[in-house]
Amino acid sequence: MAPDAIGTALYSDNNNQQEKPQQRPVTMNGAPKVGPHPVANGDVTRKSNSTHQQPADEDRSARQSLILLAAIFFTSLFAMVYVYAMFPQLEESEKQYLKVPFDIEDAKQLGRVLDRYKDLYNVEVMFGIILVYIFLQTFAIPGSLFLSILSGFLYSFPVALTLVCFCSALGATLCYLLSQLVGRRLVKYYFPERAHHWAKQVDRHRDDLLSYMLFLRMTPFLPNWFINLVAPVIGVPLYPFALGTFLGVAPPSFIAIQAGKTLYKMTSSSDAFSWGSIAMLAAFSVVALVPVIFKRYFKTKID
């Protein structure tokens, strides 16, 4: 064979060996042996890292939400201090009573002070009550019940009822919006099971949310602060939430305002709720469900 032909043959054999696919090892039964796949291992590693990273991200988001919530709270608190500083000059013996009432004795002492200044500074006194009431409702701070009783002591029944319903609805709406802004992560982090359970209840009453909100506001099944915080997280729209709050707090406020007429005779906030008032709340709760009952009754007849 000529040298040129031998070189050409060797060159062709080398190319064939490079292009030939690498054979996989064969097992006893003739099936190819499958080794670990580098890409699959990489996917498993990434998934594992992602799984470990999720709790860290949730903790970081919860901390950020808490920081933002604290910033909004202290800004609002500064505004409260400013309003306190702009209040009419009080005597030294009266200044100690100008504070948020957390029991019936605080409400009595505050009522005496405000009643003295109400005629001369009616706008300032009413604006102060409204601002404090909204502040307590917005940040789910206890004490609004005593302000409702105090409103009944200071003002006529129609004025007091309008004031309390307005402040409750506006404060609850601001709490709703605040929760929508920063509370979603906090609710899912701190109240996951309770929020999930209420979400199921809301889904069952999705077509009758207004009546459902009225019923919840009139009954003690869920605390108001929990309703305000969790409602935007589980998808309760703002309109039935705000309207249901404004109308739903009227019966309990009616009782508190009536109790305010005898403020100085009260020894505790429980004096406002007698068996008769509890029966009245139960009757109003049933009335709130009447549209739902009729709607389902006629729907069953039509079907």
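## A guided tour of the model

Start by selecting residues 66-87, 125-147, 153-178 and 272-294: the UniProt record, an unreviewed entry, gives these the feature "transmembrane region". Keep in mind as you look around that this is a predicted model.

**Stop 1: two of the annotated stretches.** Select residues 66-87. The chain here is 95% helix and 0% strand, and the C-alpha atoms at the two ends lie 31 Å apart. Now move to residues 125-147. Helix makes up 78% of this stretch and strand 0%, with the end C-alpha atoms 12 Å apart.

**Stop 2: aromatic rings.** How many aromatic pairs does the structure hold? There are ten. For one of them, show the side chains of Phe73 and Phe74. Their ring centres are 5.3 Å apart and their planes meet at 75°, so this pair is edge-to-face, the label given to planes over 60 degrees apart. Next, colour the two residues by accessibility. Phe73 is partly exposed, at 24% relative accessibility, while Phe74 is exposed, with a relative accessible area of 53%.

Add Phe135 and Phe139 to your selection. Together with Phe73 and Phe74, these residues form one aromatic cluster.

**Stop 3: Trp225, Phe226 and Arg194.** Jump along the chain to Trp225 and Phe226. They make an edge-to-face aromatic pair, 6.0 Å from centre to centre and with 90° between the planes. Is Phe226 buried or exposed? Phe226 has 0% relative accessibility, so it counts as buried, a label that applies under 20%. Its partner Trp225 is partly exposed, with a relative accessible area of 32%. Now bring in Arg194 as well: Arg194 lies over the face of the Phe226 ring, 4.5 Å from the ring centre.

**Stop 4: colour by confidence.** Switch the colouring to pLDDT. The protein chain averages 77, and 76% of the residues score at least 70. Which helix has the highest mean pLDDT among the elements of the chain? Select residues 238-248 to see it: this is helix α11, with a mean of 92. The lowest mean, 44, belongs to helix α1 at residues 3-19.

Widen that last selection to residues 1-23, where the pLDDT is below 50. Beyond near neighbours in sequence, this stretch has one contact in the model. Finish at residues 33-40, where the pLDDT is also below 50. Here the model shows four contacts beyond near neighbours in sequence.

Note on methods
Residues numbered from 1 in each chain as written. Predicted model: local features only at pLDDT ≥ 70, side-chain atom pairs only at ≥ 80, totals over all residues. Heavy atoms only, no water. Phe/Tyr/Trp six-rings, centres within 6.5 Å; stacked < 30°, edge-to-face > 60°. Buried < 20%, exposed > 50% of the residue type's maximum accessible area, 1.4 Å probe, protein only. Lys NZ or Arg CZ within 6 Å of the ring centre and 35° of its normal. UniProt positions renumbered as here; feature names shortened; annotations may be inferred. Helix = DSSP H or I, 4+ residues; strand = E, 2+ residues; numbered from the N terminus. pLDDT = per-residue confidence, 0-100. Contact = heavy atoms within 4.5 Å.
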